[in-house]
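Trainee: Could you take me on a close look at one part of this structure and then work outwards from there? I would like a connected picture rather than a list.

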Amino acid sequence: MAIKAKLTTFDATMIVVSLIIGIGIFRTPAMVAAAAKTPALFYAAWALGGLISFIGALTFAEIGGRFAKPGSYYKVVAENYSSGLAFMLNWTNVVILNGAGAAGVALIGAEYLAPIIYPGAAPGTAAVPLTAVILILGLLVINYLGIKTGAWAQNVLSILKVGMIGLLAAAAFLSKKVPEGPAALPLDRPWFFALGVAFIYVFYAYGGYQNSINFGADVRDARRNVPRALFFGILIVLACYLILNAAYVKTLGVPGIAAAKLVAAETARVTLGETGKLVVSLAIFLSAMGFLNVTLMQIPRVYYSMAEDRTLPSIFQKVNPRSQVQEFGLLFLGGIILVSIFLLQTFENIVDYVMFLDTITLAIVSSSLFVLRRKAKRTGEAYHGYRVPLYPVLPVLFIATMLAVAAAVLVTQTREALYGTVFFALGLPVFLLMRRVSRRPSSKGPTS
């Protein structure tokens, strides 16, 4: 059964916000500060990273306008390059990037909540992974009820997380607390190399907006409203990130940020006391829920397009006509996340594995814009939707930056990058197997 458009522009905008603001901004600033060392490089990493991400969002806004289909992050590569490449990219995307990434978010959210609900639990016990599992199971139930139920929960969680970011930043700026000790750490490497390493973690925090094009069949008037949602959503995120990082520096200083594993909770403790730390920890846990919820909403749409392309069994394409939920796909994704929680139990390891694959995938999917424009020109297709400004300069700049970040990961985390490359290559025999398993008459459409 075909997917029916039920989501509004506001729904789509809140989806963009939660696709980006997961848990990264509450955790990665410590990793950025440890790499950047100085306030100037710290701010430069976040500002330049935000600018490049904004350019990326503009690029994907045009892709979303020109290619409004379910699971477009897969399908735009399959139709414009090859199904094999699309599968290999999304094989890593659905198993590592989203499964492990969502597991990482669940674990960090659980780290913030565990001290509240398990006050006597010592670090390293099963309290954190157990809490993460309970979180995932709860969200699976919500999304199993229907796409609109998931969107309603998404709107509430997105508004809540933006409000809590504003509250935390306001508390920091109104506080008279100032950081103790030196303003910077010793810079033990060339500034440009330090900035390059910092970018790895900055782009992890800014990533996610590209997946909004997976809702091309769910958003009403998607050719117009997906680009709008991307534009407004990324602007909200940029404001939140820059304000919150300024609050971190004002309260803790760059050395303090680098030393604080749970930097947002530490900022709350310094500015609001122990009670504030508990309240903000709970709010950050809810922010993690928002990211996980939107992940459960959008990844099954990728499964849909893969099944439509015969690179997954047809059961992944089945949609409940009442709830518009791909029930099997949703439960399959939930299972991947739950397994990942116990295989990859530290956030830093997940970032290292994710970023090499993610940046290369971003570069390839972004490049499809050139193919879409060339096809439209050749066929005389009339397109009156959004167009990225300064084409082709901005898309080329974005693609070049993503490849540069991938190179930085290869140099600084070579083992993790090579593991990711091996996993990518393993997608080819899996693709050939899936094509054989999923062979069916071309005239046979999706079933309900």
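Where is the place of arginine 310?

Mentor: Happy to. Arginine 310 is placed in the loop between H11 and H12. Before we go on, this is a predicted model, in which local features need pLDDT of at least 70 and side-chain atom pairs count only at pLDDT 80 or more, while totals for chains, interfaces and linings use all residues. Residues are numbered from 1 along each chain as its sequence is written, and side-chain values use heavy atoms, with hydrogens and water left out. The helix names, such as H11, follow DSSP runs numbered from the N terminus (helices are H or I of at least four residues, strands are E of at least two).

Back to the loop. Arginine 310 has a phi near 60°, a positive value in a residue other than glycine. That deserves a second glance because most residues other than glycine have a negative phi. With 27% relative accessibility, arginine 310 counts as partly exposed. Here buried means under 20% relative accessible area, exposed means over 50%, and partly exposed lies in between, with a 1.4 Å probe and protein chains only.

Now step back into H11, which covers residues 263–308. Another arginine, arginine 301, lies in this helix, and its relative accessibility of 2% means that arginine 301 counts as buried. Not counting residues up to four places away in sequence, arginine 301 touches Ile3, Pro70, Gly71, Ile147, Asn214, Asp218, Gln324 and Gln326; a contact means heavy atoms within 4.5 Å.

H11 also packs against helix H7 (residues 127–144), at an angle of about 50° and with the axes 10 Å apart. The axes are lines fitted to C-alpha atoms, for helices over the stretch in contact, and the angles run from 0 to 180 degrees between N-to-C directions. That angle makes H7 oblique to H11, since under 35 degrees counts as roughly parallel, over 145 as roughly antiparallel, 65 to 115 as roughly perpendicular and the rest as oblique. On the H7 side, the contact is made by Thr131, Leu135, Ile136, Leu139, Leu140, Ile142 and Asn143, and H11 brings Phe285, Met289, Leu292, Asn293, Leu296 and Met297. These residues divide into 10 nonpolar, 3 polar and no charged. In that count Ala, Val, Leu, Ile, Met, Phe, Trp, Tyr, Cys and Pro are nonpolar, Asp, Glu, Lys and Arg are charged, and the others, Gly among them, are polar. The crossing of H7 and H11 is right-handed, that is, the near helix is turned clockwise from the far one by less than a right angle, whereas anticlockwise would be left-handed.

On the other side of our loop is H12 (residues 327–343), which packs with helix H6 (residues 99–117) at an angle of about 65°, the axes being 8 Å apart. The crossing of H6 and H12 is right-handed. Gly99, Ala100, Ala102, Ala103, Ala106 and Leu107 of H6 meet Ile336, Ile337, Ser340 and Ile341 of H12. By kind, the residues of this contact are 8 nonpolar, 2 polar and no charged.

H11 leads us to one more helix, H1. Among the elements that cover the buried residues of H1 are H8, H9, H10 and H11. As 10 of the 12 residues of H1 are buried, H1 is largely enclosed by the rest of the structure. Those buried residues are Asp11, Ala12, Thr13, Met14, Ile15, Val16, Val17, Ser18, Leu19 and Ile20. Two of those names return in the loop between H9 and H10, where glycine 208 lies: leaving aside neighbours within four places in sequence, glycine 208 is in contact with Leu19 and Ile20. Glycine 208 is buried too, with a relative accessible area of 8%.

Finally, two other loops are worth comparing with ours. Lysine 37, in the loop between H2 and H3, has a positive phi of about 75° although it is not a glycine. Unlike a partly exposed residue, lysine 37 is buried, with a relative accessible area of 13%. Further along, proline 392 lies in the loop between H13 and H14, and the peptide bond to proline 392 from tyrosine 391 is cis, with omega near 5°.
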